[in-house]
Structures are given as structure tokens and as C-alpha cells.
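Me: I want to learn how to read salt bridges and ligand contacts in a model. Can we take them one at a time?

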Amino acid sequence: MTNTHNQTISVIGSGYVGVTTAAILANSGYKVFALEINTQRLETLKQGKSFFHEEYLNPLLKTAVDNGTLVATNSYEDSIPKSDIVFSCVGTPDNPDGSSNLSYVYAAAEESAKYLQKGAVYVQKSTVPVGTGEIIESILQSSDASIGYASNPEFLKEGTALIDSLWPDRVVIGGNEEKSNTFVKEVYETIIKMRQAIVKIAGINESITKSLPVTPDYIITSRNSAELIKVSANAFLALKISFANSIAKLADAAGADITEVMYGVGSDRRIGKAFLNAGRGYGGGCFPKDVKGLISSGLAHGVDLEIMQAVNNENSSMPGYILEKVNNQLTRPIANKKVAVLGAAFKAGTSDVRMSPAVRIANLLSEKMWANVSMYDPEAFTEDGADDQLNRKITIAATMEEALEGAELAVIATDWNEFKTTNPKVYAKLLSGDILVDAMNCLDRDTVVAAGLKYIGVGR
Ligand code: UDX
């Protein structure tokens, strides 16, 4: 595919959002520069591959790199002056006090400001606290007032990143200038127009796309509102999860089943069933950071968001709560005994282990219960440094069977299909003990019990 729109776009930062954005744009007829300063990530990208696992992504990268529509580079000088639009997708890690570290955001804007062409539009995709755009805009316009600016937060989920990006529920564009907003909107309209071609290259099965929204809602707002929409949406989803987890504790104590309770609750159309699955809590690169970031941003404006502090506390308590339940069921100690933890990624479908409660569970088993943990994940350990946060005593198994063989108990800590579709009789046969902990509430309790195992879920 050639550059049919004759427009060039730079995407700064090749993380989960940046790589996905660049892959889609480079297959939508744009010439795309993917700017990345990490040499290892850059080299991987140059080969048309992603450094993380995400379904459908590699075929898009390979096609675009081979066609020359995607060029990975570490040079602002070679890419920004040629770009009509720049999407900044750099990381916003949290500071030790929970506030967002915006040094990469500002550095990218400052470096870009040196090279942006007249009338170019700079788009901030990374999640930033409300008010950040005002500073970015002043950095950009201090050298050239014709540079446009818009906040265009990204809502994709890891594990379904391509589907989410090609069929978004909504596209939020927040700029204080109509021209820039329209420019950004046109990019999305182009992607939607090119969707069928992208689906073919990516190898997406069209049957799974039938119920998805044909066109997104375009929500045009002020710059500050767009920034606040993004953090509030993530905070609200995190709140739903923590709400379900706190009711799960009550269900445990009172003898109810949280999956039945939340099905009933979520059946009210005003509430909705999504994000009410109780379990070991949320992790990943967004929710933990965004909840803390919102608390901190509130305080900076003199607003105490106590409700988000409660969400954070509830979430942190879940791994320990589950292990407490396990402890109460043990008939013999597990110190120095083998236990299996299945799953390390923060959710199924990704290799990402950032802030993963599965890792927390494994570490607690190792450090507080002195178990010999054998951990298995189908994707996580393909990523460099994935085991950095694991206690050194934890061993990584090459297969699920290897992790389970002879273990006193098994914890399903990530809801990978491989674990859900394994017949509980297989778990029963491989384990030496009889406890199966379903930290994701993703198994059928009765089938587990029928296989002769003790089932420990969350709120069941
Ligand atoms: C999230 C937002 O969903 C997305 O819109 C935003 O752009 C980035 O942050 P992501 O972190 O990729 O996406 O994954 P998500 O599917 O939202 O899951 C986050 C965590 O919540 C995972 O650890 C998941 O296991 C957990 N979760 C999710 C629950 O514990 N229960 C649920 O009901 C749903």
C-alpha cells in the first residue's frame, strides 16, 4: 500500500499504545515514522515485529515495514519535520508519591517543537493529568504559534488492542481549536474507511467483528475535558472492579456466590455487567497508575478523592485476602512444598506483567508462606525482564503440566484459555494435593468439585 493520503504521521514512543497506533496508521495509507529511543525495541520494530505479545499486531507491522510505510527511527530530526501530525504515545510512569511522571511527555514535546513544520498538529495520546495539555501547548507554540494541539486519549485494552482500535466505542478529541480537532477526526475516519483492508492483513476473523460499533461516537471537547474523560473512565472501571471485590468478601462471609450476585446486579442496563468480575484485582500499566494519578491530581487541585483511595486499598488487599482463604483451608503446611501458580500476566491475551496481581500472589506464597513456587505463563516470560519482579526463589516452568506436577495446590492467577479449558480432572491427576484456587473466578466450581478437588474462588 502506498501513502494514498500523502500525509506523514510520526508516532512518538513504541510502547503498547504507540506500536498499535503506528501499525494501524501505516496500513491506512499514511507514511508513518515510529520514534523510539530504546535500541532493543527499535531493532525489533525495524524487523516488523513487536516487543510484546498482542494478537494480529505482527502481520500489520511486517506488511508496513516491508512496504516502507512504517519506518522505525530514533531521530526526531529525520521524522518530525516531515510530519503533518504527531501522536505522542510516550510512557507516563508514576512517581513514588503516586503522581504522574510527565518528564517523557514534556521532553517529547520540547524535542518536537524544534522540528515541527508550520501548521502541523501535535496530538497527546498518553494518559496525563488534567491540565497537562495547557503546558504542552505552550511548549509547542512558544516557537511557532501555528502548531495545533489536541488531546486524544487512547482507550484500547491490551489483549484486544487491534479490535478496540479498529472498532472504538468513541473517539475523544479535545482541542481548543476547531482546525486541529477536524484534522485528528479525519485520521480516524480514514482508519474506519480502511478497516476492511486492515482486517485482511491482520488476519482478523470477520465473524468476531459483527456486533462491534460500525462508527464510533466522535466526542469533541475542550482540551481539559478530554484529559479528564480518560482518567475518569479508567478510574470508574477500576471502581467497578473494587466494588465487586468488596461485595465478594461479603458474599464469602454470608454464603452467597458473587458471580450470581454481579450477574443480577449488572443485568440492570443502567449498571451493565462489564468489569464486575471479582477476583485477585486489577493490574497492568493503566488502572493502578491512573487511580493513584487521579488521587494525586485531585489533591493538587485541593480535592480529596477519598473514593479512589478506597478503590486502591481494596485492590491491594485482594492477593492477601485470597491467600488468607487458602490458609484457612490447608490441612497441612505448604512451607518448602511445591505450589503451582498458573499465569503471571496482568490479564489474559498479553505478555505484560506490570503491576500484575498474579506476580503478587506468587511472591506472597514464596515470601510469606515459604512455598516453593513453580510459575507458568504462556506468553509473559517471552518478554525480556518479565521475571524481574519475581522473588528469586520462584522457578519458571516451561509448561503448565511441569508447574502442576506434584504440587500441593494450584492457583489460577490469570484467566488464560489454556487454564479455563483444561479439564479439572487433569489438575486433579497432576497435583499431589487437592486444592485448586480460582483467583479469577473463571472455572466452573461444580466441575472442579466433581473432579475431587477443593475449590477456592473469590466470593463463592
Ligand atoms: C485499561 C482500560 O480498559 C482501557 O480502556 C485503557 O485504555 C487502558 O487501561 P487494560 O489495562 O489493557 O485496559 O486492561 P483491562 O481489560 O481494562 O483490565 C485491567 C485489569 O482489570 C486486569 O488486571 C483485569 O484482569 C482486571 N479486571 C477486569 C478484573 O479484575 N475484573 C473485571 O471485571 C475486569
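**Salt bridges and the ligand shell**

Reply: Start with a residue: glutamate 314 is buried, at a relative accessible area of 16%. Buried means under 20% relative accessible area, exposed over 50%, and partly exposed in between (1.4 Å probe, protein chains only). This is a predicted model: local features need pLDDT of at least 70, side-chain atom pairs count only at pLDDT 80 or more, and totals for chains, interfaces and linings use all residues. Residues are numbered from 1 along each chain as its sequence is written, and side-chain values use heavy atoms, with hydrogens and water left out.

Me: Which residue forms a salt bridge with glutamate 314?

Reply: A salt bridge is a side-chain nitrogen of Lys or Arg within 4 Å of a carboxyl oxygen of Asp or Glu. Here the partner is lysine 249, with the closest N and O atoms 2.9 Å apart. The pair links distant parts of the chain, 65 residues apart: lysine 249 sits in helix H10 (residues 223–254), glutamate 314 in helix H13 (residues 306–329). Helices (H or I, at least four residues) are DSSP runs, numbered from the N terminus. Lysine 249 is partly exposed, at 23%.

Me: Where do lysine 62 and aspartate 66 lie?

Reply: Both are in helix H3 (residues 57–67), four residues apart, about one turn of the helix. Their salt bridge has its closest N and O atoms 2.7 Å apart. Lysine 62 counts as partly exposed because its relative accessibility is 41%. Aspartate 66 reaches 52%, so it counts as exposed.

Me: How many salt bridges are there in the whole structure?

Reply: The search finds 19. Some join up: Asp257, Asp438, Arg445, Asp446 and Arg460 are linked in a network. Within it, arginine 445 and aspartate 446 have their closest N and O atoms 4.0 Å apart.

Me: Now the ligand. How many residues surround it?

Reply: Count a residue as near if one of its heavy atoms lies within 4 Å of the ligand. That shell holds 21 residues, the closest being Phe155, Leu156, Glu158, Phe346 and Lys347. H10 gives the most, with four residues.

Me: Which polar contacts does the ligand make?

Reply: A polar contact is a pair of N or O atoms within 3.5 Å. A ligand oxygen is 2.7 Å from an N or O atom in the side chain of lysine 347. Another contact puts a ligand oxygen 2.9 Å from a polar backbone atom of asparagine 277.

Notes. Helix = DSSP H or I, 4+ residues; strand = E, 2+ residues; numbered from the N terminus. Polar contact = N/O pair within 3.5 Å; in protein donor to acceptor, adjacent residues only side chain to side chain.
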